[in-house]
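This report looks at a chain together with its ligand, moving from strand pairing to the ligand shell and then to the contact between domains. Please keep the sequence and the structure in view while reading.

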Amino acid sequence: MTSGIERYGHGGDLVTAAELFGRAPQEMVDFSANINPLGPPPRLLETLQTALTEIVHYPDPGHRVFRKSLAEKLNVEADWLLPGNGAAECMALAILALQPKKVGVVYPCFSEYAKLASQFGAKVIAIYGKEESGYQPEMEQLHRLFVEADMIFVGSPNNPTGMLYEREQWLQMAAWTNETGTVLVADEAFLDFVPEEKQFSLLAELQRFPQVILIRSLTKMFAIPGLRLGYSIAHPAMVERMKNKQVTWSVNQLALLAGEVCLQEAEFAGNTRQWIAVERVWLQDQIRSKLEWQVWDGEANFLLVRSPANLPAVELQQLLGKKGILIRDCSQYPGLTEHHFRIAVRTREQNQRLVAELCEIARVKRAL
Ligand SMILES: Cc1ncc(COP(=O)(O)O)c(C=O)c1O
């Protein structure tokens, strides 16, 4: 554990930020966690408020009502689905169920892939995407990883780069699972922010790939990271093995109810997708034109940025933190440098405030 803001390895740690910057957690504008600032949908909050009394009952350990609604929504059989306490639990269950000896990751990526693998006794083997190609690995590198590892975690869109794999690449990886027997844990947690999400998902092809586990999250789009809800989609035999490792009642009743409401919020999700596409480009353009800092072309609701030579990301984080703005220092991500940081796309007003503060910090730095 480090002493910095990311002492638990993640963004969104408002308790630590509040401690370090001497402000109440709710006063911070949080660009460090990639949560939809338009959410949660109002109907979700209303449902949760009226459902509070249900906490006197145990949640359904079979998650039946939510699973049935999800099955209808995704057009799959219910036995292909396993809800989890966030996508993070789904990842843990994949490892617990299959007990891989070697887990492959593609750096830079979400830190939990390697952390969970190590926690549960697997050796982590890594390949690195190259900066010139937006941190996307070569397909030959990926293929070698499939040959070597028993299980591979790949995010699309990937965190923290926002990079999305092309449909052919995603399908190629799925095909390699049949060739090598390696399990692909395909993390589509941020895919619902992508306008043509169906085109970039493995979902429609999953029948052909019994060694692929698709993982999705509801915490980002619907702004419920504190409530926790995600799910896995996989062959029923795989789902059964994962379910056998799941702690009974790990998904609480309010989360299951929230899930049902979220499934009906197609309009909210569609509006968010449209809005994010516009706002992300605006923020990217501002950083490029006003600051001339490098920003990668992310496809999700966050952007990876590089600060200039005289301003390490950790210093920038401190300076912004004192102004009540939280960003994600990405220097801990293997494959990135001490100048990389990540920002979530937030409301126009908040984005404007971030850009103004960045410009002010850059001006002072230039003058030094
Ligand atoms: C790529 C990726 N997948 C999954 C998760 C975890 O999602 P959840 O909140 O559903 O556990 C995160 C959280 O930041 C993430 O960045």
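How many bridges join strand β2 (residues 81-84) to β8? In this predicted model, β2 and β8 are joined by four bridges and run antiparallel, and within that pairing L81 stands opposite I233 of β8. Strand β7 (residues 212-217) is likewise joined to β8 by four bridges in the antiparallel sense, with Y231 of β8 as the bridge partner of R216.

The strand β8 itself covers residues 230-233, where G230 and S232 point one way while Y231 and I233 point the other way, and all of them are buried. In a regular strand, side chains alternate between the two faces of the sheet.

G230 leads on to the ligand, since this residue of β8 is also one of the residues around the ligand. The others in that shell are G86, A87, A88, F110, G155, N159, D187, A189, S217, T219 and P225. Helix α4 (residues 86-98) contributes the most to the shell, giving three residues. By class, the residues around the ligand divide into five nonpolar, six polar and one charged.

A further sheet is open and consists of four strands in the order β9-β10-β13-β12, with antiparallel pairing. Because β9 (294-295) and β12 (328-329) stand at the edges with a single partner strand each, one side of each is left without a neighbour in the sheet. At one of these edges, β12 pairs with strand β13 (residues 340-344) over two bridges in the antiparallel sense, and D329 stands opposite F341 of β13. Helix α10 (residues 266-291) packs on this sheet, where it touches β9 and β10 (302-306), and the direction of α10 makes about 10 degrees with that of β10.

The domain assignment divides the chain into domain 1 (14-40 + 267-367) and domain 2 (42-265), whose C-alpha centres lie 26 Å apart. The two sides of their contact are set out below.

| Domain | Residue ranges | Residues in the contact |
|---|---|---|
| domain 1 | 14-40 + 267-367 | 28 residues |
| domain 2 | 42-265 | 27 residues |

On the side of domain 1 that touches domain 2, the elements that give two or more residues are α10 and β10, and the largest share, seven residues, comes from α10. The residues on this side comprise 16 nonpolar, seven polar and five charged. Helix α10 thus appears twice in this account, as the helix that packs on the open sheet and as the source of the largest share of the domain 1 side of the contact.

Terms used: Residues are numbered from 1 along each chain as its sequence is written. This is a predicted model: local features need pLDDT of at least 70, side-chain atom pairs count only at pLDDT 80 or more; totals for chains, interfaces and linings use all residues. A residue is near a molecule or strand if its C-beta atom, placed from the backbone, lies within 6 Å of it. Ala, Val, Leu, Ile, Met, Phe, Trp, Tyr, Cys and Pro count as nonpolar, Asp, Glu, Lys and Arg as charged, and the others, Gly among them, as polar. Two strands pair if DSSP finds at least two bridges between them. Two residues are in contact if their C-beta atoms, placed from the backbone, lie within 7 Å. Axes are lines fitted to C-alpha atoms, for helices over the stretch in contact, and angles run from 0 to 180 degrees between N-to-C directions. Domain bounds come from an automatic or database domain assignment. A residue is buried if 20 or more other C-beta atoms lie within 10 Å of its own, exposed if 12 or fewer, and partly exposed in between; C-beta atoms are placed from the backbone.
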